[in-house]
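Please open the model in your viewer, with the sequence panel beside it, and keep a selection tool at hand for the stops below.

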Amino acid sequence: YVVGAANQRNFKGITGGQTTSSRLGFRGTEDLGGGLSATFTAEFGLNSDGGAKAQNAGATGLEGASRTMTVGLKGSWGGVDFGRMTTPFNDTVAAVDPFAATGVASAVVIHPAGADAIARSSSAVKYSGAFGPISGSLMYGFGEDTTQNNGAPNVPGTKDSSVWSFNVLYNYGPGVVGITHIKLNDPMSLNIALTAESDAAKSTAVGGVHDFKVLKLHYAYNKLKSSGATLAAAQLDHSDWHLGLTVPMGVHSFRVGYNRANDKSTRNQDATHWGLGYQYDFSKRTNLYAIYGTVRNKNGAAYAVNRTGNLTHGALNLGAGNNAAGSYTRGMGVGLVHRF
């Protein structure tokens, strides 16, 4: 990627997770009788370029589950899971994004779902259920604080954000439409400027997918705001909207996405993002892909296709992000995915 004319940062190499994150997972179910089952999921992130950790896991990638680690119960009434898991907000955004919320072509380049604090929550409980064409889920995450000893007070930013989130989806045959919401308390992991314990950030998105057989239409609108004691928190006022298409042609498929970020603060740091993708399916488990993404920033915004870390870029970083402010960024990749 390249950030601005004055601050060029380039990368070329082998990497993973451009269309789906590499992981090793285990999943199981036990029939308890009477329509009740016990379930578990254990998922570990891995980097395919060097075999090291991914998604902030342990040193080998297997010393801690930074992805999904749950145990639960399910029945005709739905299911309840306990542990670390994706939020209903992330589930919805990934479902309506033609690039499944991953990679340089995905909407998460400028969408808050790119932040790990919004994508997953630890010490969480989540209910999911489906009743006819209506499905949905509700989650509360207590946050994970490993710094408190013997009742010592919490230091802002050392604990995961406590979070609650829900989604409601309506499935109408050729498509699905829904609404989702998330709220994070003490969200320093979302934005490094939000350091007060009274700070909070909330985001609401509506969107859907409609299958016209010859193509799929993807669409979404999101609104994010913050509140609290940190002076800069009042400046976090952001919205973004997204349009995308998926065109299947036998073993070939083509994807395109257009995404726009609108900073409603006095900085007016807007951005536009284009994503293009092609996929060739060798089989149901193996595909070859090519993707391209480009961002054009405005008024010193610093959105970048590398999506480093949490939301520490662009209109959401208040000038303290990992990416230098600049006029544009772009990236492309060609890769192979195999599922086993």
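The tour goes from paired strands to a surface patch and then to aromatic rings.

This is a predicted model, in which local features need pLDDT of at least 70 and side-chain atom pairs count only at pLDDT 80 or more, while totals for chains, interfaces and linings use all residues. Residues are numbered from 1 along each chain as its sequence is written, and side-chain values use heavy atoms, with hydrogens and water left out.

Begin by selecting strand S10 (residues 216–227) and strand S11 (residues 237–249), which run antiparallel and are joined by 10 bridges; strands here are DSSP runs of E with at least two residues, numbered from the N terminus, and two of them pair if DSSP finds at least two bridges between them. Within this pairing, find Leu224, which stands opposite His238 in S11.

Next add strand S12 (residues 252–263), which pairs with S11 in the antiparallel sense over 12 bridges, and look for Ser239 opposite Asn262 in S12. S11 and S12 form a hairpin with 2 residues between them, and in that turn Gly250 has a positive phi of about 65°.

Now show the surface and select Ile134, Val168, Tyr170, Val177, Ile179, Val206, Tyr221, Trp241 and Leu243, which make a nonpolar patch of about 710 Å². Such a patch joins nonpolar side chains (Val, Leu, Ile, Met, Phe, Trp, Tyr) within 5 Å, taken from residues with over 30% relative accessible area and no salt bridge, that is, no side-chain nitrogen of Lys or Arg within 4 Å of a carboxyl oxygen of Asp or Glu; the areas come from the Shrake-Rupley method with a 1.4 Å probe, and for residues only the protein chains shown count as cover. Strand S7 (162–171), strand S8 (175–185) and S11 each supply at least two residues of the patch, whereas Val206 lies in strand S9 (residues 200–211). Val206 is partly exposed, at 39% relative accessible area, where buried means under 20%, exposed over 50% and partly exposed in between.

For the last stop, display the aromatic rings, where the count comes to 7 pairs; rings of Phe, Tyr and Trp (its six-membered ring) pair if their centres lie within 6.5 Å, with planes under 30 degrees apart counted as stacked, over 60 as edge-to-face and the rest as tilted. Phe254 and Tyr278 form a tilted pair, 5.2 Å centre to centre with 45° between the planes, and this pair links Phe254 in S12 to Tyr278 in strand S13 (residues 271–281), 24 residues apart. Finish with Trp241, Tyr258 and Trp274, which ring pairs link into a cluster.

Methods: Helices (H or I, at least four residues) and strands (E, at least two) are DSSP runs, numbered from the N terminus. Patches are made of residues with over 30% relative accessible area and no salt bridge: like charges are joined within 9 Å, nonpolar side chains (Val, Leu, Ile, Met, Phe, Trp, Tyr) within 5 Å. Buried means under 20% relative accessible area, exposed over 50%, partly exposed in between (1.4 Å probe, protein chains only).
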